[in-house]
Amino acid sequence: MRIATWNVNSITARLPRLLAWLESSGTDVLCLQEAKVAAEKFPVTELRELGYEAAVHATGRWNGVAVISRVGLEDVVKGLPGDPGYDGAEEPRAVSATCGPVRVWSVYVPNGREVDHAHYAYKLQWFEALKAAVAGDASGSRPFAVLGDYNVAPTDDDVYDVAAFEGLTHVTPAERAALASLREAGLSDVVPRPLKYDHPYTYWDYRQLAFPKNRGMRIDLVYGNEPFAKAVTDSYVDREERKGKGASDHAPVVVDLDV
């Protein structure tokens, strides 16, 4: 079974690439983030023609998540129970589903913006709600994983130059502590192998030639429980999909399971 996570940075802009990638990669389940489209405009017809169903939680604007599956889609939960909300409203940042023998969450963790911004406090509160929401599945006997854009680099090795991020979000002790707390619920970091270079970065800014210079970050993560982690046979960052015209600024992270 092949499961992947990918922040597509607008499914409308990325649709031809997404459909081609699903066909060529043989992915069974894709956790997608940053759809940037309302649920009623999500390309369910195009996906159905390839044999995929979609559980979508999206309202347009800058967020939106989905689970896309060709091995079943059951027990869908849209939204994060206990979501703290931001500026008086919940944002579509989480959706979960059971896909064959595996249950997954697709999550798009708040960016945080700046350390002294209200969005940063919201980010930390959101992590607490995520931990509470997944604790039951994380400790269960069924393979389970939380996949998505976490907007946190777990260690200094997960950014090209930690000095370049001094005082910025994504690398602060509080954010990394939130990740550590999530792991304490019974999850471990399924670290992918890079297809090139030494570090499996998953995101490269569009600006300043970040991708060709490999100035990246590993912020798209797969956190699986023990049955999930034991079933992993391979995991890699599909760096090739970050290349070329019209690419997302994130690359897919692919996980192969023997289940």
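The following exchange concerns a predicted model and the reasons behind some of the terms applied to its aromatic rings and cores.

Biologist: Why is the pair of Y150 and Y223 called tilted?

Modeller: The ring centres of Y150 and Y223 are 5.2 Å apart, and rings pair if their centres lie within 6.5 Å. Their planes stand at 40°, whereas under 30 degrees would count as stacked and over 60 as edge-to-face, so the pair is tilted. The structure holds six aromatic pairs.

Biologist: What makes this pair a tie between parts of the chain?

Modeller: Y150 lies in the loop between β8 (144-149) and α4 (173-183), while Y223 belongs to strand β12 (residues 220-224), so the pair ties together parts that are 73 residues apart in sequence. Both Y150 and Y223 are buried, and ring pairs link them with F127 into a cluster.

Biologist: How do you know that R93 lies over the face of Y108?

Modeller: R93 is at 5.0 Å from the ring centre of Y108, and the distance limit for CZ of Arg is within 6 Å, with a further requirement of lying within 35 degrees of the ring normal. R93 is accordingly placed over the face of that ring.

Biologist: Which residues have the most contacts inside the largest nonpolar core, and which elements supply it?

Modeller: That core has 28 residues, and those with the most contacts inside it are I3, V67, V104, V222 and F228. Elements that each supply at least two of its residues include β4 (65-69), β7 (102-108) and α5 (226-231). A second, separate core of 23 residues includes W105, V107, Y150 and A178.

Terms used:
Residues are numbered from 1 along each chain as its sequence is written. This is a predicted model: local features need pLDDT of at least 70, side-chain atom pairs count only at pLDDT 80 or more; totals for chains, interfaces and linings use all residues. Side-chain values use heavy atoms; hydrogens and water are left out. Helices (H or I, at least four residues) and strands (E, at least two) are DSSP runs, numbered from the N terminus. Buried means under 20% relative accessible area, exposed over 50%, partly exposed in between (1.4 Å probe, protein chains only). A nonpolar core is a set of buried Ala, Val, Leu, Ile, Met, Phe, Trp, Tyr and Cys residues joined through side-chain atoms within 4.5 Å.
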